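Okay, thanks for coming, everyone. Let me put the structure up, and then I'll walk you through a few spots in it.

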Amino acid sequence: MTNRMILNETSYIGAGAIENIVTEAKIRGYKKALVVTDKDLIKFNVASKVTNLLDENDLIFEIFDEVKANPTINVVLAGIERFQASGADYLIAIGGGSSIDNTAKAIGIIVNNPEFSDVRSLEGAVETKNKCVDIIAVPTTAGTAAEVTINYVITDEERKRKFVCVDPHDIPVIAVVDSEMMSSMPKGLTAATGMDALTHAIEGYITKGAWELTDTLHLKAIEIIGRSLRSAVNNEPKGREDMALGQYIAGMGFSNVGLGIVHSMAHPLGAFYDTPHGIANAVLLPYVMEYNAEATDKKFREIARVMGVEGVDNMSQKEYRKAAIDAVKKLSEDVGIPKVLNEIGVKEEDLQSLAESAFVDACTPGNPRDTSVVEILEIYKKAFK
């Protein structure tokens, strides 16, 4: 059996890493950037940390700031139009998954592969012919790991669904993981994106495609996130820096082996209610872990161990599985994540439709336990109230 690993070309990780954008842009001979970001990051002078560097070094750019949470097909189309009109030859994506994953990657892919200009045809594992426009990815949240993954998600408002796209050609050429770009995140966003990263690490660790190298990455990511998220939520620099690293390591792993039904079930929440992806994952994670426990062999023991649970080697299988789930619940509670779906606006009458949508999601086949619409519906019901 052959296992595949795809990573981005160059990464800069650490406080002050954005300084390297200038060097890379000049070495690569880029002429003009389209900066993909959102209005809040402009308003609160987060994106300006990068654009000021560009100005100071005579690097030409235009800004596309129409990105929003759970970006839609129309946002992508507007970004493509702006890129083509601007005369840009590369993208600088500043933000979380919405800017990097859901918008910049789709823009870059379609510009160089116009046969997918309808956007919807990108769903699934599509074999595009050409690499996307070069992207320098600058995350401002410690969660999605969009800067190192081959996945992105687009919201289809007309059909009330999200669809996952998997394409090795979409990975950013450069990742700039600078914890100082994350320092302005409020507590709630820090918590949600951090739990998103933990979900990536846990799902990647137990997915059907997991293997030794990705197991090593995911366990280290779980360890770092488990010890750092609380301090990051309190805006402590060390916590911020460790979370930036932890989420990146998780991305290195899950991008290459896939995820599971936490993500399958979270995606419809974003499409139906515009629920922030991190919140959706965080609420669902413990319930799906309980469902998947029987298909995880001894892996929950190692999750419990790296999350700081003592005495796991003296526990029964049932005990260490519960300990792992309880450790996740405790972390989630400590950082202020809601416990049930009805607290975040989910409607009971929608659960059947949500389950049907989750079942056909691209992440479902990777789940360690084979599932069905009926069983997913039961998980939604348990998580509802």
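I'll go through a helix pair, some salt bridges, one helix with its surroundings, and a loop residue. Keep in mind that this is a predicted model.

So, helices to begin with. When two helices pack, we describe them by the angle between their axes and the distance between those axes. Here, take α10, residues 277-292, and α14, residues 373-384: their axes are 10 Å apart, at an angle of about 135°. That angle makes the α10 and α14 pair oblique, and if you're wondering about handedness, α10 passes α14 in a right-handed crossing. Which residues make the contact between α10 and α14? From α10 we have L284, Y287, V288 and Y291, and from α14 it's E375, I379, Y380, K382 and A383. Sort the residues in that contact by class and you get seven nonpolar, two charged and no polar ones.

Okay, on to charges. Side chains of opposite charge can pair when their charged atoms come close. How many salt bridges does the structure hold? The count is 27, and I'll show you three.

First on my list is E158 with R120, at 3.3 Å from N to O. This one links distant parts of the chain, with the partners 38 residues apart. E158 sits in the loop between β7 (151-156) and β8 (161-166), while R120 is in the loop between α5 (97-112) and β5 (124-125). As for exposure, E158 has a relative accessible area of 68%, so we call it exposed. R120 has 26%, so that side of the pair counts as partly exposed.

Next, look at R227 and D242. They form a salt bridge too, and their closest N and O atoms are 3.9 Å apart. Again, distant parts of the chain are linked: R227 belongs to helix α7 and D242 to helix α8, residues 237-257, with their positions 15 residues apart in the numbering. Is D242 buried or exposed? Buried, because its relative accessible area is 10%.

D242 also has a salt bridge to K238, at 3.3 Å from N to O. Both of these residues lie in α8, four residues apart, about one turn of the helix. K238, with a relative accessible area of 58%, is exposed. Now put this together: salt bridges with shared partners join K220, E223, R227, K238 and D242 into one network.

Let's move over to α3, residues 48-56. Which residues of α3 are buried? They are S48, V50, T51, L53 and L54. The elements covering them include the helix α1 (20-27), along with β2 (32-38), β3 (60-67), β4 (90-95) and β6 (135-139). And just after α3, have a look at D58, which takes a positive phi of about 55°.

Last stop, T207. You'll find T207 in the loop between α6 (187-206) and α7 (212-233). Despite the loop setting, T207 counts as buried, because its relative accessibility is 4%. So what does T207 touch? Leaving out residues up to four places away in sequence, the contacts of T207 are V257, G258, L259, G366 and P368.

That's what I had, so over to you.

Note on methods
Residues numbered from 1 in each chain as written. Predicted model: local features only at pLDDT ≥ 70, side-chain atom pairs only at ≥ 80, totals over all residues. Heavy atoms only, no water. Helix = DSSP H or I, 4+ residues; strand = E, 2+ residues; numbered from the N terminus. Buried < 20%, exposed > 50% of the residue type's maximum accessible area, 1.4 Å probe, protein only. Contact = heavy atoms within 4.5 Å. Axes fitted to C-alpha atoms, helices over the stretch in contact; angles between N-to-C directions. Parallel < 35°, antiparallel > 145°, perpendicular 65-115°, else oblique. Left-handed = near helix turned anticlockwise from the far one by under 90°. Nonpolar A, V, L, I, M, F, W, Y, C, P; charged D, E, K, R; others polar. Salt bridge = Lys/Arg side-chain N within 4 Å of Asp/Glu carboxyl O.
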